[in-house]
Amino acid sequence: MVRRAKKRFLQGLGLILLLGLVYYPGYKKVQEAKMRNRVLKEELSSLSARNRELEKKLELLENDVVYIEKRAREELGVVGEGEIIYDFVPKDE
């Protein structure tokens, strides 16, 4: 009777090991896919936020004259009519 229980235990253990060997690669792939999904969701969220920022800037560039003038002055150095630019240079240079 003890021998029979021992044999059944070893058979059960063997079955568990076999199932583990069969299902582990699939389980591993599922976990990798979940991780990749999380990374892609974070990237999507970041890109969506960036897209919203760019859409706001585009809206301002298309419709807001004050914003356009500000950008032209800051980025292109545009000077208004009748304005004089004073460029101060430190004494050290």
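The side chains of Arg50 and Glu53 form a salt bridge, with N and O 3.6 Å apart. The model is predicted. Arg50 and Glu53 sit three residues apart in helix H1, so about one helical turn separates them. Arg50 is partly exposed, at a relative accessible area of 42%. Glu53 is likewise partly exposed, at 43% relative accessibility. The distance of 3.6 Å falls within the 4 Å cut-off for a salt bridge. By this rule, the count of salt bridges comes to five.

Helix H2 supplies further pairs. Arg73 bridges to Glu69, and the closest N and O atoms are 3.1 Å apart. These two residues are four apart in helix H2, which spans residues 65-76, so the separation is about one helical turn. Arg73 has a relative accessible area of 32% and is partly exposed. Glu69 is partly exposed too, at 42%. A salt bridge also joins Glu75 to Arg71, at 2.5 Å from N to O. Glu75 and Arg71 both belong to helix H2 and lie four residues apart, about one turn of the helix. Their exposure classes are as follows. Glu75 reaches 53% relative accessibility and counts as exposed, because the class begins over 50%. Arg71, at 22%, counts as partly exposed. Glu69, Arg73 and Glu83 are joined into one network by salt bridges that share partners.

Charge was also examined over the whole chain. The protein chain carries 19 positive and 16 negative side chains. The centres of these two sets lie 33 Å apart.

The secondary structure is helical. The protein chain has two helices and zero strands. Its radius of gyration is 34 Å, whereas the globule rule gives 12 Å for 93 residues; the chain is therefore more spread out than a compact globule. The C-alpha trace spans about 110 × 45 × 15 Å along its principal axes. Burial was assessed next. Of the 93 residues, 2% count as buried. The exposed area of the protein chain is about 9500 Å². Carbon and sulfur atoms supply 60% of that area.

Three C-alpha separations add local detail. Lys7 is found in helix H1, which covers residues 2-63. Lys7 is exposed, with a relative accessible area of 53%. Lys7 and Gly26 are 19 residues apart in sequence, and their C-alpha atoms are 30 Å apart in space. Arg4 is also found in helix H1. At 67% relative accessibility, Arg4 counts as exposed. The C-alpha atoms of Arg4 and Tyr23 are separated by 28 Å, with their positions 19 residues apart along the chain. Gly80 lies in the segment after H2. Its relative accessible area is 22%, so Gly80 is partly exposed rather than buried, a class that requires under 20%. Gly80 and Ser45 are 35 residues apart along the chain, and 41 Å separates their C-alpha atoms.

Aromatic contacts were searched for in the whole structure, and one pair was found. The rings of Tyr86 and Phe88 have centres 6.5 Å apart and planes at 20°, so the pair is stacked. The angle decides this class, because planes under 30 degrees apart count as stacked. A pair of aromatic rings is described by the distance of the centres and the angle of the planes. Both partners were also classed by accessibility. Tyr86 is exposed, at 61% relative accessibility. Phe88 is exposed as well, with a relative accessible area of 73%.

Methods:
Residues are numbered from 1 along each chain as its sequence is written. This is a predicted model: local features need pLDDT of at least 70, side-chain atom pairs count only at pLDDT 80 or more; totals for chains, interfaces and linings use all residues. Side-chain values use heavy atoms; hydrogens and water are left out. Rings of Phe, Tyr and Trp (its six-membered ring) pair if their centres lie within 6.5 Å; planes under 30 degrees apart count as stacked, over 60 as edge-to-face and the rest as tilted. Buried means under 20% relative accessible area, exposed over 50%, partly exposed in between (1.4 Å probe, protein chains only). The radius of gyration is taken over C-alpha atoms; the globule rule is 2.2 Å times the number of residues to the power 0.38. Accessible areas come from the Shrake-Rupley method with a 1.4 Å probe; for residues, only the protein chains shown count as cover. Lys and Arg count as positive and Asp and Glu as negative; His and the chain ends are not counted. The place of a charge is taken as NZ of Lys, CZ of Arg, CG of Asp or CD of Glu.
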